[in-house]
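Welcome! Below are some exercises, each with a worked solution, to help you find your way around. Keep the sequence and the 3D view open as you go.

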Amino acid sequence: MIRFAFVLISIIQAWLVAAVLCCGQSAEYSQAIDAAIEYAQRSVVQIETIGGVAEAGQLPVLGPFSGTVVEESGLILTASFCLKHDPASIFVRLSGKEQDKRYLAGIVAKDESRHLTLLKIDCDEPLVAAVFGNGQPEQGSRCIAVGKYFDRQWANVSVGVVSATGRIWNRAVQTDCKVSRQNYGGPLVGIDGKAMGILVPASPGSTDVSAGAQWYDSGIGFAAVVDPKSAAFARLAAGERLRSGLLGVKFEGSDPNDDPATVAFCLPTSPAGKAGIVEGDTIVAIDSEVVSRIGQFKHAIGPRYENEIVKVTVERDSQNREFDVELAGEIDPYLRPEFGFQVRGVTVAAVVPDSPCAEKVQPGDVIESVGPSEVTDFKSLQSATSKTIAGTTLEIVVERDGETLKLEVQPRNFAASPPADLPGPIGSEKAEVVGLEMAGSANVCFAIVPQQDGESKEEMPLMVWLPTPGPVLQEDLVAKLKPLCLKWNVVVLVPQSLDSESWMPDDIESIVASIEKLSGSASLSLDRSRIAIAGKGTGGEMALLTGFSQRSKFSGVGLIDGQLGARLPSFENLPSQPMQVLVFSKAGLDAAGELAREEFEKAGFPFALNPAAMGQEMETTFRWVWFLNRL
Amino acid sequence: MKIFGSGGLRGLEAYQTGILISDKGYVLTAWSYVLDAEGTRVVTDAGERFEAKLVGHDSKLEIAVLKIEAEGLQHFNIEAAVEAKPGTRIRALTNCYGVATGDEPVSVQQGAVVAVTKFDARRGKWKVPFDGKVLILDAITSNPGAAGGVVTTLDGLPVALIGKESRDNRTGAWLNYAVPFSELGDAVQRILSGKQQQQRQISSRRSSEPMGPELLGFSLVPDVVGRTPPFVDSVFIDGVAAEAGILPDDLIVDINGIATASCRDVARLLGQIDRDEPVKLTLQRGSTFVSVKLSLVKSAAGN
């Protein structure tokens, strides 16, 4: 008995200690919170919807949500997430004396950068607009998330602190208040009752309006920062859709915290390109904010909207130059151009029929320049061709039989399917099966290496073939792949999964290591511009992940009858990192696969779906690998 | 205090929380499968174990009272419970996840009251029958083993009893909630006085002779998607609806004050109304709202 009492007392003692520490101001503090809620909730309304599209496979999310009055005339901001179901009607319920009255709301416009929707009601009652605080709230300061989910008279609240400012690339305040459907669309207010932003689901890794909604009870919540007095808000109120402002530059560096913001590529049609920024420029400031790393660039551009003008300072040839750039809401994707030839070094080996270079360039021609760029080796030729724009006419200079010829060529968009009417290599008669023991792993990878006849040995393409996880019947696989290896002079490497049941992300490292091990053997020389990774089913899915994780290693990914997805690392399409995607699907793509295909095409990757009849998958895949480095 | 009983299989925890509510050893807790077994054990924060006897329970409020053979223990006086409002700072004391073992006290969490509202929740697919007043909390108290825990003010006065894990009926999100002691007092008194649980008339959600759109003289657009907006498709000549002035393309916004977000909502709500009861509909016609009252009885009398 005494023991129980003792511990209860000890708990009470702990409270008393806390009370001494903080409750000296406790009553005052409670009053302050009450006052802030009272002040803020006048501007919070409840919103109901009727009808709409229910998401497949999910319980329909019904029920009201919140909105924040931002202008007395009847402008109300809410979270776009709550209108994701595209309802037939939207109603606003007020908390005043006519609280049973509904007001039909119309959508004025959406702010896609902040995931907000602006609504308008015609209202005869006086509305109280939320007062927004000036300047950035202080990290660690008290804040309250206010919503009207349960009741339209009394706000529901969650009390917490400002966890951070400048989140989601400088678009949101983060809080440990519980942010959920109970308060999405309501304001996050300070202890002074002034709004810091509008509560929305958000996630730094995704631009989807639902991203972050799964964090509702995790203590990670966000309020999108808006300023109803800003020029951007005036545009929204005028009915303009607000999109994030984009500069249209791509960086090669992979570490946003470390690498300088050196432009690896920008299309001449992009805002940066139009303003005169060129590749090789290093961005050192946006407006007056100093930028020394890619991450700082993203934070500086993150809060800006389409059509805003920013001053970009770049360093070029050790000198700073300033450009005024009008940001765009959408950037044309980089589309790889195709000239229609394959080369060895800079000597043309094959010309694709019906391509821009057909009947102009001939096998044996030595290419000297492409447009303004002189070329001396494959790398400089690839760089020169990949940066041209499809549809523009330019001059190629070639040497043919001791003569210099100037040819006018108009490159086209890269055709994803491998050229069908082009003869392949002469082929080999023998191939050797080589076992590769990988350090630290019980698995034995193996490779099928065609043995070329004669003195001059050509560099050979490599296809990494990922089998279905589990024990690999080497003999069967060799029997199947060897004839194609011989015909197409393609080396095939078959790594094995560490786990006997599935491919794991950890396998990527060992797959790459097995390529290095193979290319290290003295008798073999691989053509680094023709390394592809492919597989069937789960092997193909792993190939997709591996290929996009190691963009500098692979220039092609093949997936046969697997689930196509586009949630991949390094999804940036850059001229310097060619990547082609080949997909075979007997059953056709499912809904998720179709969405993924759109993503690949939007990003500008050459994407071929079922480019040959069924039964020809492997043959076509080898042909594709052989012509992988055509230009 | 920590309560141990049946469970432990298939993800069912064999523990929950309870509080002493008198110096005679009465323990208030949540009514759950944990109490199903003979020999429910109660362990105090000092590690002292007691066999507990079930005194009684209330299945709608989902509470139970146990008795242990111990007197004079410090207890909560739930009759002196404090009412809370949104923003009230609270502490929650629970045996969440069975973290507290042996002579350890239960876990303390701190948070604030989000809202005071009617309970509207489900477990799995089933709606929870209790629909009384609850406090929604912003501390994450909806955890295994937390049911039967207590919510107090910062100075330790009792406020509410934490209920069993439930999800918001409308959004499917976990609800962190507690039932105020003011809602439980009568039931606890009844259990303590040894009376049997009143056979509460849990009103059948479905009327014996339910109302339907056809009876009222209109039809809705075909229900093709999960959330088809309830537009009136056609109005029958001489029907009650026609008499009341309902027009095709009217959108049904609420029935007797309850919002209708879809055709299914209309069917469900009308199904809960008896044929001889009047029905009040709010309609959206273009950008205006129209209120109509329909009654089958009146119409019959009129004819």
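**Exercise 1. List the residues that A:Lys148 touches, leaving out residues up to four places away in sequence.**

Step 1. Start with the meaning of contact: heavy atoms within 4.5 Å.
Step 2. Go through the neighbours: A:Lys148 touches A:Gln41, A:Val44, A:Val45, A:Gln46, A:Phe65, A:Ser66, A:Ser95, A:Gln153, A:Trp154, A:Ala155, A:Asn156 and A:Gln182.
Step 3. Place the residue: A:Lys148 sits in the loop between β7 (142–147) and β8 of chain A. Helices (H or I, at least four residues) and strands (E, at least two) are DSSP runs, numbered from the N terminus.
Step 4. Look at one neighbour again: a polar atom of the A:Lys148 side chain lies 2.9 Å from the backbone oxygen of A:Gln41.

Before going on, a word on the model. It is a predicted one, where local features need pLDDT of at least 70 and side-chain atom pairs count only at pLDDT 80 or more, while totals for chains, interfaces and linings use all residues. Residues are numbered from 1 along each chain as its sequence is written, chains are lettered from A and ligands numbered from 1 in the order in which they are written, and side-chain values use heavy atoms, with hydrogens and water left out.

**Exercise 2. Decide whether A:Lys148 is buried or exposed, and do the matching check for A:Lys250.**

Step 1. Take the cut-offs: buried means under 20% relative accessible area, exposed over 50%, and partly exposed in between (1.4 Å probe, protein chains only).
Step 2. A:Lys148 has a relative accessible area of 1%, so this residue is buried.
Step 3. A:Lys250, in strand β13 (residues 250–251) of chain A, has a value of 15% and is therefore buried.
Step 4. Inspect the surroundings of A:Lys250: its side chain reaches the backbone oxygen of A:Asn573 at 2.8 Å. Among the residues it touches are A:Thr262, A:Phe265, A:Tyr334 and A:Leu574.

**Exercise 3. Describe the contact between chain A and chain B: how many residues does each chain give?**

Step 1. Chain A brings 47 residues and chain B brings 55 residues.
Step 2. The size of an interface is often given as the accessible area lost when the parts come together. Here chain A and chain B bury about 4300 Å² between them, with 62% of it on carbon and sulfur atoms. Buried area is the accessible area (1.4 Å probe) that two parts lose on being put together, summed over both.
Step 3. Count the salt bridges: there are 2 between chain A and chain B. A salt bridge is a side-chain nitrogen of Lys or Arg within 4 Å of a carboxyl oxygen of Asp or Glu. One salt bridge joins the side chains of A:Arg102 and B:Asp254 (2.9 Å, N to O).
Step 4. On the chain A side, the elements giving two or more residues are α1 (2–22), α2 (26–41), β1 (44–50), β4 (89–93), β5 (102–111) and β8 (156–166). The most come from α1(A), with 10 residues.

**Exercise 4. Find where A:Arg316 and A:Asp281 lie in the chain.**

Step 1. Their side chains meet in a salt bridge (2.7 Å, N to O).
Step 2. A:Arg316 is in strand β17 (residues 309–316) of chain A, and A:Asp281 is in the loop between α5 (271–275) and β15 (282–286), 35 residues apart.
Step 3. Check their exposure: both A:Arg316 and A:Asp281 are buried.

**Exercise 5. Explain why the pair B:Lys164 and B:Glu62 ties together parts that are 102 residues apart in sequence.**

Step 1. B:Lys164 and B:Glu62 form a salt bridge, with their closest N and O atoms 3.9 Å apart.
Step 2. B:Lys164 lies in the loop between β13 (158–162) and β14 (166–168) of chain B, and B:Glu62 in the loop between β5 (49–58) and β6 (63–67), so the pair ties together parts that are 102 residues apart in sequence.
Step 3. Compare their accessibility: B:Lys164 is partly exposed at 22%, whereas B:Glu62 is buried at 13%.

Terms used:
A polar contact is a pair of N or O atoms within 3.5 Å; within protein, one must be able to donate a hydrogen and the other to accept it, and residues adjacent in sequence count only if both atoms are side-chain atoms.
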